[in-house]
Amino acid sequence: MAQDTLTIVDNRTNRTCSLPIESGAVRASDFRQIKTAPEDFGLMTYDPAFMNTASCRSSVTFIDGERGILEYRGYPIEVLAEHCTFLEVAYLLLFGELPNETELKNWVHEITHHTMLHENTKKFMEGFRHDAHPMAMLVSTVAALATVYPEARNIHDPGIRLLQIKRLIGKMPSIAAMSYRHSLGFPYVYPDNDLTYPANFMNMLWKMVEPKYAANPVLARALDILFILHADHEQNCSTNAMRSVGSSHADPYLATAAAAAALSGPLHGGANEEVLKMLDEIGSRENVPSYVKKVRDGHGKLMGFGHRVYKNYDPRAKIIKWTAEQVFEVTGRNSKLDIAMELERIALEDEYFIQRKLYPNVDFYSGIIYQAMGFKPEMFTVLFAIPRTVGWLAQWQEMLLDGEQKIARPRQIYTGHRGRQFMPIDRRTPLAVTKA
Ligand code: ACO
């Protein structure tokens, strides 16, 4: 009869050992009982970049990368993008259920009333160089919030935790908008509590001398949909950073800053900025085939293509394409779209990309929309960080409440020297000579 166990024969000792299989996984620590001698440390699993290691149990986000499925708390992303607002989805991610009308009203009210930044924080941001990258400003300012709310260190108090969650969701757009205005040299705009979450963000970005900012409803809805699509994505690089830093019981501002720092890299959230640079470099549709050939020949990557989990079309990319059409009806078509579509067409017919199952990911088209809306490429990853904060916080809280979690601390396979003889400084060989 079939059993949920894995039987391993250790050919070094000829011993057999059976390990339980649960939820399609074996516990890596069970391998420790496989030893060559009693003093042996026991077998480890080696998995650089966590290619095949589940680091947690989670009920927040489900992805089936082979079939191109993404669900938040069991709801398909397509349904949420069509019917919900971002704050409604934020509630779902954090509390596990969609809010009813009263719950949503209260939730929106509370987030709206946490959008203001302390004047100290504003002054802190004024200190950045005029040409500082907005993502670097965002990371530093989020970390600096820890100085404004020292009680946040008490991460075991559910009330204090929830307050910081609301503050972070409320203040992220304010910090993002301030970093944008700072880079342009414009005065900061305070939040307007009459406006929705995306419309208020647009107000803080683009209000000039008009007494009241009126956001274009199509653009505000497009931004809200983009926020929904970016809100969570299970154990990605930045979420792993959030959980890892949070596992040391660092406060949520510092953990969120660490997660945002991870997001900033070009292989992760920074890819949307790189896509625009790549489209600029390609320049026109005619140059697409030679660019794809260059990548195929091993020179660089197609930014916005490929994904660790999706080996089929990224479902978010489909919704983004649809959203782009709505936006372009207001802003006019971004000429980069033609290059992007040609790039997608040619790459998807190319054996190199087919073999490796490389499809456009969420970042491939998002930058084109953001640019049409008037954002500089440097802002794109900041626009990603605003909604992803919700996912980071949902995963952080889940990690804190998970009795199986401890401080994240991987093992290593040591490859260096052992027990070397110490040399006094006057007898040491210079490094260059040693290497030669
Ligand atoms: N262009 C060309 N070749 C690629 C690309 C790409 N965008 N992505 C992967 N490949 C190739 C690799 O060179 C490798 O080829 P090989 O087997 O001949 O060595 C193969 O496809 C497998 O790729 P890996 O790098 O092993 O895949 P991994 O899961 O480690 O990386 C990643 C995933 C980082 C997203 C990668 O596809 C990439 O760098 N893409 C471009 C950057 C990007 O768009 N990042 C955004 C991801 S979405 C997000 O984070 C929000």
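**Strands, helices and enclosed space in a predicted model**

Four bridges link β3 to strand β4, residues 69-72, and the two run antiparallel. The model is a predicted one. Start with this pair of strands and work outwards.

T61 has Y72 as its bridge partner in β4. F62 stands opposite E71 of β4. A hairpin joins β3 and β4, with four residues between the strands. In that turn, G68 has a positive phi of about 70 degrees.

β4 also pairs with β5. The sense is antiparallel, over two bridges. Here Y72 stands opposite Y75 in β5. Y72 is also the bridge partner of T61. β4 and β5 form a hairpin with two residues between them. R73 lies in this turn and has a positive phi of about 50 degrees.

Put together, the strands make an open sheet of three, in the order β3-β4-β5, with antiparallel pairing. The edge strands are β3 (61-64) and β5 (75-76), each of which pairs on one side only.

Now look at the side chains of β4. In a regular strand, side chains alternate between the two faces of the sheet. β4 shows this alternation: L70 and Y72 point to one face and are buried. I69 and E71 point to the other face and are not buried.

Another hairpin lies earlier in the chain. Strand β1 (residues 5-10) and strand β2 (residues 15-20) pair in the antiparallel sense over six bridges. D10 has R15 as its bridge partner in β2. Four residues lie between β1 and β2 in this hairpin. N14, in the turn, has a positive phi of about 65 degrees.

Turn next to the helices. An α-helix has 3.6 residues a turn, so residues three or four places apart point the same way. Helix α4 covers residues 119-126, and its buried residues are T121, K122 and M125. These residues cover an arc of only 105 degrees around the axis, which puts them on the same side of α4. What do the buried residues of α4 pack against? They pack against α5 (134-148) and α6 (158-184).

Helix α12, residues 288-296, has V288, Y291, V292 and V295 buried. Seen down the axis of α12, these buried residues fall within an arc of 100 degrees, so they line one face of the helix. The cover over them includes α11 (271-282), α14 and α15 (351-355). After α12 comes G298, with a positive phi near 95 degrees.

α14 spans residues 336-349 and contains A347. Is A347 buried or exposed? A347 is buried, because its relative accessible area is 0%, and the cut-off for buried is under 20%. Leaving out residues up to four places away in sequence, A347 touches L302, F305 and F353. The C-alpha atom of A347 is separated from that of R296 by 9.5 Å. Along the chain, these two residues are 51 residues apart. R296 falls within the residue range of α12, 288-296.

Finally, consider the empty space. The count comes to one cavity of 30 Å³ or more. The largest cavity has a volume of about 40 Å³. Which residues line the largest cavity? They are T115, M116, L117, S174, M178, V189, Y190, P191 and M204. By class, seven of the lining residues are nonpolar and two are polar, with no charged residues.

The second largest pocket holds about 280 Å³ of space. It is lined by 18 residues, and the closest to its centre are T85, L87, T196, Y197 and P198. The elements that give two or more residues to this lining are α2 (86-95), α3 (101-112), α7 (197-206) and α8 (217-229). α3 supplies the largest share, four residues. The lining of this pocket has eight nonpolar, six polar and four charged residues.

Note on methods: Residues are numbered from 1 along each chain as its sequence is written. This is a predicted model: local features need pLDDT of at least 70, side-chain atom pairs count only at pLDDT 80 or more; totals for chains, interfaces and linings use all residues. Side-chain values use heavy atoms; hydrogens and water are left out. Two strands pair if DSSP finds at least two bridges between them. Buried means under 20% relative accessible area, exposed over 50%, partly exposed in between (1.4 Å probe, protein chains only). The arc is that of the directions from the helix axis to the C-beta atoms. Contact means heavy atoms within 4.5 Å. On a 1 Å grid over the protein atoms alone, a cavity is a set of points where a 1.4 Å probe fits but cannot get out, and a pocket is an open set with protein on both sides within 12 Å along at least five of seven lines; lining residues have an atom within 4 Å of a point. Grid points are joined across faces, edges and corners, and a volume is the space filled by probe spheres set on the points. Ala, Val, Leu, Ile, Met, Phe, Trp, Tyr, Cys and Pro count as nonpolar, Asp, Glu, Lys and Arg as charged, and the others, Gly among them, as polar.
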